[in-house]
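I opened this entry to look at one chain, its core and its contact with a partner. Here is what I had on screen.

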Amino acid sequence: MSEKKEIDDRFKKFGTVSFASVTKVNDFIDFLEKDKVMGTRCKDCGVAFFPPRADCYQCFSSDIEWFEISGKGKLLTYSKLKYAPVGFENDLPYCIALLDYGDYKIFGRIASNIPEDKIELGMEMKVVVNKLPNGQLNFVFDKV
Amino acid sequence: MGKVAIIGVGQSAFVRGYPGSIRELAFVGFKGAMQDAQVSVKDIDASIICSAPEYDKQRSPSGVFAEYFGLIPQPTCYLESLCSSTSMGLRMAYSLVKSGLHDIVAVVGFQKMSEISSAESQERMGRGADIQWESPFGTMMPAYYAMFARAHMEKYGTTLDDLALIRVKAATYGQINEKALFRKPVAVEMFSDPDHFMSGPVSSPLRVGDCCANADGSSCIIVANEEKAMALCKKPVWILGLGAASASVNMTGRDLFTGLAVARDASQQAYKMAGVTPKDIDVAEVHDCFTVSEIMAYEDLGFVKPGEGKELIRSKETYKEGSIPVNVDGGLLSKGHPIGATGGSQIRTIVLELRNEAGEMQVKKPEIGLVHNIGGVGLYGVVTILGR
């Protein structure tokens with residue numbers, strides 16, 4: 001009798017609605033559960049990736065290691081949504097934003113407790129793990 | 001090898017809720033272009049069918065259309081690069097003709113967006129971005145372009161009123177374009193009137209009036225080699241320059257948020273191939289999916305320096321009588337944006353302008369025209385330069 005192969009679909013926990021479930025960087029979810037936002041780095045040529053990648057396009061190596069996103073990034077730009085795509089209605093209103101860490105950038109949301117009049121381009125922010133009401137996980141940008 | 005020409009153009013009216021199937025909708029644009037070119041289906045050596053997927057249920061629409069159009073047994077295929085699909089289709093048709101593989105190729109664009117709700121179509125469009133790392137945050141097209149608008153306003157002092165002025169210009173010409181969806185006049189004041197729908201917030205800083213609307217529509221371009229064009233067509237319009245580029249789908253891979261790198265790259269290629277500069281362009285169609293997109297296009301295409309786009313609209317230089325008329329057919333903002341049909345409609349307008357057949361929208365004796373067609377959030381950029 002053959003055993004049913006278990007599918008590693010951890011990535012379905014990412015975001016309000018996840019559109020992918022199986023990826024070689026599924027460990028990203030385990031790190032989120034431990035309150036860590038992690039990127040990957042190519043062990044052969046040293047280039048850092050966020051979002052994490054399983055493969056390096058510079059040297060074609062798939063030998064990668066994880067590193068924790070720490071410190072501060074600068075807010076490049078953002079937008080506050082008053083209208084949402086299907087599946088995200090209960091999150092409204094929310095801000096999507098881009099944070100610049102120098103070597104890499106991070107796309108995510110601004111923490112929902114920061115009012116829009118306190119948001120300024122260029123301000124320093126940090127990435128923190130966020131548990132969504134529906135049990136899903138993502139990360140948000142919070143005040144330093 | 002000789003030159004490559006456009007010998008026929010057609011488009012359907014862009015509407016809400018087209019009362020027919022996708023093959024019937026696409027046939028409207030195809031028939032228009034075939035009658036314009038005065039050729040028969042036997043003259044068409046191949047067809048390229050363009051749209052963005054998942055707005056209707058048909059998989060591989062090329063075979064269905066080839067059958068409905070009477071283009072069997074000629075080769076056909078489906079091509080997509082989101083909102084720039086038909087311009088990319090024209091680029092492929094150019095290569096097929098230039099290589100000598102085919103004499104005449106039909107490029108057909110279509111989109112029937114009314115089969116799904118507006119929120120569903122935002123979800124589809126959002127999935128034209130990075131579904132693994134961005135869509136789970138609840139992204140949609142207006143929100144992405146709003147991020148560019150905010151960066152542009154912050155860096156260059158572009159104002160909300162400047163954005164409104166783009167919509168006012170679009171509405172000026174939408175009123176005289178019988179193919180346009182939105183045909184009413186627009187005033188800047190509507191954007192500050194809380195009771196007017198134009199001022200409604202969508203994704204800050206963009207308002208309802210800053211966004212183009214979904215629509216159903218089709219378009220078609222007939223492309224021919226020099227010999228066929230000279231034999232069949234009284235006013236061939238020549239393809240002088242082609243440029244195309246791509247950018248990182250995930251915003252984390254971008255360096256520019258006050259313009260679209262793909263438009264800068266693609267336009268430089270097209271100018272070089274055509275042997276012209278931005279000053280030589282007499283009339284242009286740009287991808288104004290949002291008001292800010294048109295201001296960025298002025299700058300990305302080199303009509304003005306980065307940051308000076310607002311001056312061009314304030315001084316009305318992009319109106320029909322100005323130094324560089326842009327979107328004198330009402331643009332996406334007035335015509336509506338049936339994704340896969342949009343590029344073909346832009347190309348049609350420039351072809352009609354160059355043939356002096358644009359009616360009320362006609363600018364004064366243009367020699368060279370440009371089409372700027374963008375797919376996704378500056379993900380794909382296609383620039384085409386046409387001449388008489």
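I call a residue buried if 20 or more other C-beta atoms lie within 10 Å of its own. By that cut-off, 62% of the 388 residues of chain B count as buried. I am working from a predicted model.

**Entry: overall build of chain B**

I listed the elements. Chain B has 12 helices and 11 strands. I then took the box along the principal axes, and the C-alpha atoms of chain B fill roughly 55 × 45 × 40 Å. I checked the radius of gyration next. Chain B has 19 Å, and this agrees with the value near 21 Å for a compact globule of 388 residues. I also looked at contact range. Among contacts in chain B between residues at least 6 apart in sequence, 78% join residues at least 24 apart.

**Entry: the core**

I looked up the largest nonpolar core and found 164 residues in it. Which residues have the most contacts inside it? They are B:Ile6, B:Val107, B:Tyr145, B:Ile222 and B:Val223. Helix H5 of chain B, residues 141-156, gives the most to this core, with 10 residues. I noted that chain A takes part too. Domain 1 (10-68) and domain 2 (73-143) of chain A both give residues to the core, so it lies between them.

I picked B:Tyr145 for a closer look. Leaving out residues up to four places away in sequence, B:Tyr145 touches B:Leu206 and B:Val377. B:Tyr145 also touches B:Cys289, B:Phe290, B:Val292 and B:Ser293.

**Entry: helix H12**

I moved to H12 of chain B, residues 339-354. Its 16 residues reach 24 Å from first C-alpha to last, close to the 22 Å expected at 1.5 Å a residue. Is H12(B) largely enclosed or open? I found 15 of its 16 residues buried, so H12(B) is largely enclosed by the rest of the structure. Just after H12(B), I noted a positive phi of about 55° at B:Asn356.

**Entry: the side facing chain A**

I counted the contacts between chains. In chain B, 30 residues are in contact with 35 residues of chain A. Which elements of chain B each supply at least two residues to that side? I found helix H4 (118-126), H5 and strand S5 (201-203). H5(B) gives the largest share, 6 residues. I sorted this side of chain B by class and got 14 nonpolar, 10 polar and 6 charged residues.

I close on H5(B), which gives the most residues to the largest nonpolar core and the largest share of the side of chain B that touches chain A.

Terms used: Residues numbered from 1 in each chain as written. Chains lettered and ligands numbered in written order. Predicted model: local features only at pLDDT ≥ 70, side-chain atom pairs only at ≥ 80, totals over all residues. Core = buried A, V, L, I, M, F, W, Y, C linked by C-beta atoms within 7 Å. Buried ≥ 20, exposed ≤ 12 C-beta atoms within 10 Å, placed from the backbone. Helix = DSSP H or I, 4+ residues; strand = E, 2+ residues; numbered from the N terminus. Domains from an automatic or database assignment. Contact = placed C-beta atoms within 7 Å. Expected span 1.5 Å × (residues − 1). Rg over C-alpha atoms; globule rule 2.2 N^0.38 Å. Nonpolar A, V, L, I, M, F, W, Y, C, P; charged D, E, K, R; others polar.
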